[in-house]
Each structure stands twice: as structure tokens, then as C-alpha cells.
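The report that follows goes through selected features of the structure shown here, beginning with one chain and moving on to the contacts, the sheet and the backbone details.

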Amino acid sequence: MKSQFDKKLRVLLVENSAVDCKVIDKMLQSSPYGRFESQFAGSLEQAFILLAKQNFDVVLLDLNVDDCTGLETLKRFHRKFPHMPVVVNTGSYQDDLGLKAITKGAQDYLIKGMYKSYVLVKSLYYAVERKKAEEELKGAYNKLQQTQTQLIQAEKMNVIGGLASGVAHEVKNPLATILYGVEYLNTALKSTDEKVVLTLESIKEAAKSANGIIKGLLDFASLTNLKKEPENINILIDQAVNLIRPQCERINVELKKDLQSDLPLIKIDCNRIKQVVVDLIVNALYAMSDGGCLVIRTYAKKFAEQDIGWVDKRSKSLIKGEDVVIVDFDDTGPGIKAEYLIKIFDPFFTTRRASGGIGLGLSIARTIMNSHGGVISLQNKQEGGAIARLIFKANKKGSL
Amino acid sequence: MKKRKVLVIDDERGFTKMVKLNLEAAGDYEVKIQNNPLDALQTAIEFIPDVILLDIIMPDLEGPDVVYQFKNNDLLKDVPVIFITANITKEEVDAQEGYIGGHAFLAKPGTIEELIACIEKQIKHLQ
């Protein structure tokens, strides 16, 4: 019997009666079973402060405390600390209160004066184990849900993929005819008539633009078979930067790298992520056509509260405390207009339609990041300019 | 200079016409069209081309099956074949330096300049 109570429990007694506190503590300390370390809080507010600062294994919660009464006490507690095991300990006996407390998230329910130390000890230890099992079940359920969502998404992508390659083939053939036709007319007519030249040029540009859309569609569709390997993102950024550097120099943009060495590896499809990186650099360059500075920064951290603002509320892919690798593209351009920010990832949205923009770059980038379980996000900086941020899950085998 | 004989096998009638017009306008080419892949072998035997431009996805008989017929024919087995197809992109072809599985490839749509460069390269290969 003794073995199940071996672990020392850190108990927080939330209790407004000093006498009750003493009684309970004495019961715990003098019990031949279990080992306890207890602390007291007279109100919920006090309890929250203690829980934020220290680790506890279980809370023994009186429903009538200084700043709250009845089931509301449990509800408020559970909202704030949903993962903490709770045993309700109350002096007011009502027939259905116990069951209600259990449905509101308590692991057990005790009535003051109606139990001896062994029952209390057992209740506290069992609450910890019950909560652990419950959390594991919840975790498994969430994972199942996530897998189901991924399966549905994969099926959708399969349909899109099939459709896209069929459409691509049927559309590219007539486009090839149009483009060869224009080339022939250029050669055969050798026209100097401005209107003829303009007409032929317009046909050619229109066909090329249609071809660009098809290419985007195919890129999107080919996301069905990513080849993910553990990679160091810094190497990939170096390659992308080398590709773009000549363009930067032409428009007088300074490109700086601030890459954390010994970065953990991330599991990515190199070609696809390079496409995202190049797209983000090119976007930043467009925003700084009169010159400026682009800093590309990489660093590893634990995903924390302050990072949540960068993540779509519907996204469940990243959880607090998880190891992540972040890539920031920090520019000194004019920033992004508020009305554009909300639709910047929509397919076919572009502010560069006049110069041939199709509006698929960021939309595809987001699909690529989603299919890596990562996040892409854009925000304006208070001091001006914008930051595009990529967040990747760190590979579990990588070192941090 | 003797004109290079080019056979274009593709079910896209408009496309084959444009290939013929452009290559013949460029001067040094004699171009024959075959839009029905089932008749490709017979046309090729009569024409004996220097190079063959061949589509991949065609009704009744696909490009690779047409190549198989040519490779089993003594008159045609050494004639270079260029696959010209909408199934791949220019980037994919470039990434493989123009060859996929040992065959020369061109992506649709492309430019006449690319087409001529590829034809000349294949003919030189043979000489």
C-alpha cells in the first residue's frame, strides 16, 4: 500500500479559515502515508500569485474563500489553471454539489469533517494520477483531431493536384501555339507600325502571364509530395542570399545576415523553403525600391506567450514551451497598409498587378509553411518597416 | 547548305503549324507535320528526318510508344528525338540541363530561339 504514496506532493491549500488550514496540514504531516509540503492561500488571487511563481502538484480548494464563493470559485480557478489537479474541500454540504464540481473539472470532492487522514491522502494522490490520465487522453484526442484535419487537407490537395496538372496541360498547349504564332508574325511582318508592334507585344505578355498562373497552380499542387529532411536553415539562407545579392546591389539595398550558429535542425523540403525565403526577400526588395536595409535573422527559442500574436488563432500547430527556429526578414521599407495586411495571403491578391504580379507568391508560401507545420506571418514595426517571420518546429533530435 | 529535315509529331494542330511556319521562316529547315501518332512511323520512314519533335500525351499512341517504334526501325533508330511537352516546366528541364532519362526535352510554351538551339544541338550530337 505504501509504495503508491512514495512521491512527495507539493500541496496548495486554498482555504479562508486559518483553523481549517492547521487541521488539514496536521492531518497531512502526521499521516503515516505519503509525504507532503504544503502552502496556504486565503483567496483565489493569492493562490494565482503562488501558482504563477512556484510549482505545485495538487490544489485542495475550499469553495468559499475571501474573494469568491460556491462553484464559481472552481470555475475561475479552472479557467486560469486548466492543467492543475484540484480536490474540492468544502464545508457546505449540498446533494448535487459534488457531482457538479466533478463536471466542472475537479478530480475529487471532500466534505470537511467527514474524512480521516487516509481518505485525504488517497484523494490527493489519486487526483494527481487522474488528472495525468485525463491530460494524456486529451492530448491523444487532440492529436487524433489534428491527424484527421491533416488527412482531409491531404485529400483536398490530392484533388487540387490532379485537377491542376490536367488543366495545366490543356492550357499550356494553346499558350504554346499563341506564343509561337506571335513570334512568327513578328518575323513575317517585320512591322514598324506601332499599333501592330504593340498588339503583338500585348498578346505575348498576356500569354506569358497566363503561363505564370498555371505555373503557380502547379507549384501549389506539387506540395503533395514534399521531401522533408533535417536541415540547417542558415545554409539555405546563404544560398538564397547569394542568388539575390546582385539584384540588391542594383537597387542600393543593403543585405545583412544575423544568423545564430549551432541552430537546431528543422525538417524541411529544401527547395520549397528556399522558394519561400527567396519570395520574402524579393517582396522586401520591392518595398525598398529607393534603397534601404534588409536584415535576415535566425534564432532558436522556446515558443512563448509573446509569440502567439504571430500565429493565426485557428492554428494549433505550435504549442507553448515547444522548441522553435525563427527566421525574420526585417526591412526598412514603408511597411504594409492595414487594409492590405488582412488579405496579403489571399490567392491572386497583389499590389504589383501593373508590373506583372500574379498574387500567388505569399499564398503559396503560406501553403508551404502550413505543410511543414510552421507559420508565416507579416507585421509592421512601430518605428516603420515590416517584419516577415517564419516559425519552424525544431527537429526533436537536433540540439538546442 | 542542305536544309535540315524536321518531323513534328503532335496532336495539337495549331501548335504544329506554328512550329512549321517559324522554322521554315528561319530558313534552314524543311518541316513535315504528323498530327496522328498512329501514322507517325509511316511518315517518318517516307521522310527520313534529321530530327524528330515529339509530343508525349497524345490520344491512341503516346510519345514514348512512338519512340519505341522508331528505335526498332533500322532507318530511324539513330534519328535524335526531342520531347516537346506541356507536362513539365522550363525550370524542371533547365534543372536537368535539358535531358530527362537520357532524352532531350523542351517545355511548352517556350521560344523559337530555344527550339532552334535544341534542334541544332541534337543534330551536332549525331555528326
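## Overall make-up of chain B

In this predicted model, chain B has 127 residues, of which 35% are buried. Its secondary structure consists of 5 helices and 6 strands, and, read from the N terminus, these elements follow one another as β-α-β-α-β-α-β-α-β-β-α. When the contacts in chain B between residues at least 6 apart in sequence are considered, 59% of them join residues that are at least 24 apart.

## Contact between the chains

Chain B meets chain A through 16 of its residues, which are in contact with 17 residues of chain A. On the chain B side, the largest share is contributed by helix 1 (residues 13–26) of chain B, with 7 residues. Sorted by class, the side of chain B that touches chain A holds 9 nonpolar, 5 polar and 2 charged residues.

## A sheet in chain A and the helix on it

Chain A contains an open sheet of 5 strands in the order 7-9-10-12-11, in which the pairing is mixed. Strand 7 (253–259) and strand 11 (375–380) of chain A form the edges, each of them pairing on one side only, and neighbouring strands of the sheet are turned against each other by 15° on average, with direction ignored.

At one of these edges, strand 11 of chain A pairs with strand 12 (residues 386–393) of chain A in the antiparallel sense over 6 bridges; Ser377(A), for example, has Arg389(A) in strand 12 of chain A as its bridge partner. Helix 7 (residues 233–250) of chain A packs on the sheet, where it touches strand 7, strand 9 (292–302) and strand 10 (323–331) of chain A, and the direction of helix 7 makes about 170° with that of strand 7 of chain A.

## Two helices of chain A that cross

Helix packing is described here with one pair from chain A. The axes of helix 8 (residues 270–287) of chain A and helix 10 (residues 361–370) of chain A come within 10 Å and cross at roughly 140°, which means that helix 8 of chain A is oblique to helix 10 of chain A. The crossing of helix 8 with helix 10 of chain A is left-handed.

Helix 8 of chain A enters the contact with Arg272(A), Ile273(A), Gln275(A), Val276(A) and Asp279(A), while helix 10 of chain A supplies Gly361(A), Ala365(A), Ile368(A) and Met369(A). By class, the residues of this contact of helix 8 with helix 10 of chain A comprise 5 nonpolar, 2 polar and 2 charged.

## Backbone details in the loops

Chain B has a cis peptide bond between Lys108(B) and Pro109(B), with omega at about -5°; Pro109(B) belongs to the loop between strand 6 (103–107) and helix 5 (112–126) of chain B.

Ile48(B) is not a glycine, yet its phi is positive, at about 45°, and this residue lies in the loop that connects helix 2 (40–47) with strand 3 (51–54) of chain B. Because Ile48(B) has 11 other C-beta atoms within 10 Å, Ile48(B) is exposed. In chain A, Asp262(A) likewise has a positive phi of about 45° without being a glycine, and Asp262(A) is found in the loop between strand 7 and strand 8 (266–268) of chain A. With 10 other C-beta atoms within 10 Å, Asp262(A) is exposed.

Note on methods. Residues numbered from 1 in each chain as written. Chains lettered and ligands numbered in written order. Predicted model: local features only at pLDDT ≥ 70, side-chain atom pairs only at ≥ 80, totals over all residues. Axes fitted to C-alpha atoms, helices over the stretch in contact; angles between N-to-C directions. Helix = DSSP H or I, 4+ residues; strand = E, 2+ residues; numbered from the N terminus. Parallel < 35°, antiparallel > 145°, perpendicular 65-115°, else oblique. Left-handed = near helix turned anticlockwise from the far one by under 90°. Contact = placed C-beta atoms within 7 Å. Nonpolar A, V, L, I, M, F, W, Y, C, P; charged D, E, K, R; others polar. Pairing = 2+ DSSP bridges. Buried ≥ 20, exposed ≤ 12 C-beta atoms within 10 Å, placed from the backbone.
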